[in-house]
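Colleague: I am new to this one and would love a friendly tour. Could we go through it together, one question at a time?

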Amino acid sequence: MKRKWMGCLLVGPLFLGFLLFYVVPFCQVVWDSFCVGAGRNQVFAGFSNYERMFQNDMFLLAFGNSLRFLAIGLPAIMVLSYALALFLRSLAKRYSLLRTALLLPYVMPVAGTVLLVDLLFSQEGLANEALLALGLPVSDWLQSPAAFWVMLLLYLWKSTGYSVVLLLAGLLTIPEDLYAVAKVSGAGRLQTFRYVTTPLMWYALFLAFVFSLINAFKCFREIFLIGGDHPPQSTYMLQHYINNAFANLSYPRLAVASVLLFLVILLVLGLFYLWVMRKEAARS
């Protein structure tokens, strides 16, 4: 009994802080999304804020761009990081420096990342210099629809290494005996990958997916510094809309956009988790 009370005393401050600084503000945001006005003039308005939001062209643009970024970026980073982890698995056992090198883009300061993008893709950047050298027309990479693909490339470059390190950790926990048994049984590389490696990697893949999703939204820092409050339409994200709503003190729009962003993250995580659980159940 004494140990239980000691545990409650240790966990209590953390739980209280989580309640005060996360749960209560989130509940307040959800309530504000159903109201108009502020303070004593706040009035419950039902779903009218949500109806108006889905009639707002700028919100629809931001929402569509964010979904597009996730729909392309998340599968791409998972496939790329898993392929690199499989390729580097034998090297990771011998060279700890390899894991450090993979994490360098992830730990690179945001300002340094922005300067690198500007060096490569500005009007006088290396990409246009290379196009001129080849006799091809130059492009305004950061102020055109191509900006979306530049930001996607930036996300993959910055976050893939972190996912590779997570997946390498999972691969290195798979017993070598299983591979030896598969080899003796006559299984080829593809069969070993399908029936030995991947079934034992679902939880590691889910963890990598969670961090990749978090990093996809953290990529907004670079997008904001490169494009500002009003970037090209192709890179106008939900975070831009939320930031502009806050700057204009439009709290109902801010609250609705924040709730919808939370629901998108929850839906994506939930669907991937259910898929992983179904695979685990099939393996069992």
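Colleague: Which side chain does the side chain of asparagine 128 join in a polar contact of 3.0 Å?
Modeller: Keep in mind that this is a predicted model. Asparagine 128 sits in helix H6, which covers residues 126-133. Once neighbours within four places in sequence are set aside, asparagine 128 touches Ser122, Gln123, Val138, Ser139 and Trp141. The polar contact of 3.0 Å links the side chain of asparagine 128 to that of tryptophan 141.

Colleague: Is asparagine 128 buried or exposed?
Modeller: The relative accessible area of asparagine 128 is 2%. The cut-off for buried is under 20%. Asparagine 128 is therefore buried.

Colleague: Let's move to another helix. What is the relative accessibility of threonine 113?
Modeller: Threonine 113 belongs to helix H5, residues 110-121. Leaving aside neighbours within four places in sequence, threonine 113 has contacts with Met108, Leu154, Trp157, Lys158 and Glu222. Threonine 113 counts as buried, because its relative accessibility is 0%.

Colleague: How far apart are the C-alpha atoms of threonine 113 and alanine 45?
Modeller: Along the chain, threonine 113 and alanine 45 are 68 residues apart. In space, the separation of their C-alpha atoms is 43 Å.

Colleague: Are H5 and H11 parallel or oblique to each other?
Modeller: The axes of H5 and H11 come within 10 Å and cross at roughly 55°. Angles under 35 degrees would count as roughly parallel, and 65 to 115 as roughly perpendicular. The crossing of H5 and H11 falls in neither group, so the two helices are oblique.

Colleague: Which residues of H5 and H11 make that contact, and what is the handedness of the crossing?
Modeller: H5 passes H11 in a right-handed crossing. On the H5 side the contact uses Val110, Thr113, Val114 and Val117, and on the H11 side Arg221, Glu222, Leu225 and Ile226. By class, the contact of H5 with H11 has five nonpolar, one polar and two charged residues.

Colleague: And how are H10 and H11 placed, parallel or oblique?
Modeller: Helix H10 covers residues 202-218 and helix H11 residues 220-227, and their axes come within 5 Å. These axes cross at roughly 15°. Angles under 35 degrees count as roughly parallel, and H10 and H11 are therefore roughly parallel to each other.

Colleague: How many charged residues are in the contact of H10 with H11?
Modeller: Ala216, Phe217 and Lys218 in H10 meet Phe220, Arg221 and Glu222 in H11. Sorted by class, the contact of H10 with H11 has three nonpolar residues and no polar ones, and the number of charged residues is three.

Colleague: What about H8 and H9, are they parallel or oblique?
Modeller: Helix H8 spans residues 176-184 and helix H9 residues 189-197. Their axes come within 11 Å and cross at roughly 135°. An angle over 145 would count as roughly antiparallel. The angle here makes H8 oblique to H9.

Colleague: How many nonpolar residues are in the contact of H8 with H9?
Modeller: The crossing of H8 and H9 is right-handed. Leu178, Tyr179 and Ala182 in H8 meet Thr192, Val196 and Thr197 in H9. The residues of this contact include two polar and no charged, and the nonpolar ones number four.

Colleague: Why is helix H12 described as largely enclosed?
Modeller: Helix H12 takes in residues 238-247. Its buried residues are Leu238, Gln239, His240, Tyr241, Ile242, Asn244 and Ala245. The rest of the structure largely encloses H12, because the buried share of its 10 residues is seven.

Colleague: Which residue just after H12 takes a positive phi?
Modeller: The place to look is just after H12. The phi there is about 55°, and the residue is leucine 249.

Colleague: Is alanine 83 buried or partly exposed?
Modeller: Alanine 83 lies in helix H3, residues 57-92. Alanine 83 and alanine 130 are 47 residues apart in sequence and 29 Å apart in space, C-alpha to C-alpha. Buried requires under 20% and exposed over 50%. With a relative accessible area of 43%, alanine 83 is therefore partly exposed.

Colleague: To finish, how many helices are in the chain?
Modeller: Of the 284 residues of the chain, 39% count as buried. The C-alpha trace spans about 75 × 75 × 35 Å along its principal axes. Alongside two strands, the number of helices in the chain is 13.

Methods:
Residues are numbered from 1 along each chain as its sequence is written. This is a predicted model: local features need pLDDT of at least 70, side-chain atom pairs count only at pLDDT 80 or more; totals for chains, interfaces and linings use all residues. Side-chain values use heavy atoms; hydrogens and water are left out. Helices (H or I, at least four residues) and strands (E, at least two) are DSSP runs, numbered from the N terminus. Buried means under 20% relative accessible area, exposed over 50%, partly exposed in between (1.4 Å probe, protein chains only). A polar contact is a pair of N or O atoms within 3.5 Å; within protein, one must be able to donate a hydrogen and the other to accept it, and residues adjacent in sequence count only if both atoms are side-chain atoms. Contact means heavy atoms within 4.5 Å. Axes are lines fitted to C-alpha atoms, for helices over the stretch in contact, and angles run from 0 to 180 degrees between N-to-C directions. A crossing is left-handed if the near helix is turned anticlockwise from the far one by less than a right angle, and right-handed if clockwise. Ala, Val, Leu, Ile, Met, Phe, Trp, Tyr, Cys and Pro count as nonpolar, Asp, Glu, Lys and Arg as charged, and the others, Gly among them, as polar.
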